[in-house]
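Hi everyone, thanks for having me. Let's walk through one structure together, step by step. Please have a look at the screen.

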Amino acid sequence: QVQLVESGGGLVQAGGSLRLSCAASGRTVSYYRMGWFRQAPGKEREFVAAINWSGGRTYYADSVKGRFTISRDNAEKMLYLQMNSLKPEDTAVYYCAAQPGTGWDPSKAEFLYEYAYWGQGTQVTVSS
């Protein structure tokens, strides 16, 4: 089993930055694909970014490309999401997710069912 706990959310003005963290415990996630998803009020959960087991491959939703950066530290069992140039439409609960495996297929990385483990989420609110 893997437990994921997100942190770093908060209230920020448009144009500002936040860095989300996801701490993993239980089994090592060094050989897992990991990702970030978000869910705004009244909307379905959507893909934000994914990273392969080594950190050498990343994939982003078009809506965040160029503004967000996903990274990981396997030694510390941590996943990060650096969010810059935040917009009000980025307001959502952000979730960390993990899926065992070292394969990399971006066409699968954006689907919720491709991840076995999920955190509880952290709220990000961007004011205009």
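Let me start with a sheet: four strands form an open sheet in the order 1-3-8-7, and their pairing is antiparallel. The edges are held by strand 1, residues 2–7, and strand 7, residues 68–73; each has a single partner strand, so one side of each has no neighbour in the sheet. On average, neighbouring strands here are turned by 15° against each other, direction ignored. And please keep in mind that what you see is a predicted model.

If you are new to sheets, here is a reminder: strands pair through backbone hydrogen bonds, and they can do so parallel or antiparallel.

Now let's cross the sheet from one edge. Strand 1 is joined to strand 3 by six bridges, and the two run antiparallel. One spot to look for is S7, which stands opposite S21 in strand 3. Next, strand 3, residues 18–26, is joined to strand 8, residues 78–83, again by six bridges and antiparallel. Here R19 has Q82 of strand 8 as its bridge partner. Finally, six bridges join strand 7 to strand 8, also antiparallel, and S71 is partnered with Y80 in strand 8. Strands 7 and 8 form a hairpin with four residues between the strands, where K77 takes a positive phi near 55°.

So where do the side chains go? In a regular strand they alternate between the two faces of the sheet. In strand 1, V2, L4 and E6 point to one face and are buried, while Q3, V5 and S7 point to the other and are not buried. Strand 7 gives us another example: F68, I70 and R72 are buried on one face, whereas T69, S71 and D73 point to the other and are not buried.

Just before we leave this region, look at R67, in the loop between strand 6 and strand 7. Is R67 buried or exposed? Its relative accessibility is 10%, and buried means under 20%, so R67 counts as buried. Among the residues R67 touches are Q82, M83, N84 and D90.

My last stop is the disulfide. How many does a search of the whole structure find? It finds one, and it joins C22 to C96, with S to S at 2.1 Å. C22 lies in strand 3 and C96 in strand 9, so the pair ties together parts 74 residues apart in sequence. The torsion about the S-S bond is about -70°, so this disulfide is left-handed. Both cysteines, C22 and C96, are buried.

Thanks for listening!

Technical notes: Residues numbered from 1 in each chain as written. Predicted model: local features only at pLDDT ≥ 70, side-chain atom pairs only at ≥ 80, totals over all residues. Heavy atoms only, no water. Pairing = 2+ DSSP bridges. Axes fitted to C-alpha atoms, helices over the stretch in contact; angles between N-to-C directions. Buried < 20%, exposed > 50% of the residue type's maximum accessible area, 1.4 Å probe, protein only. Contact = heavy atoms within 4.5 Å. Disulfide = S-S within 2.5 Å. Lists of a residue's contacts leave out its neighbours within four places in sequence.
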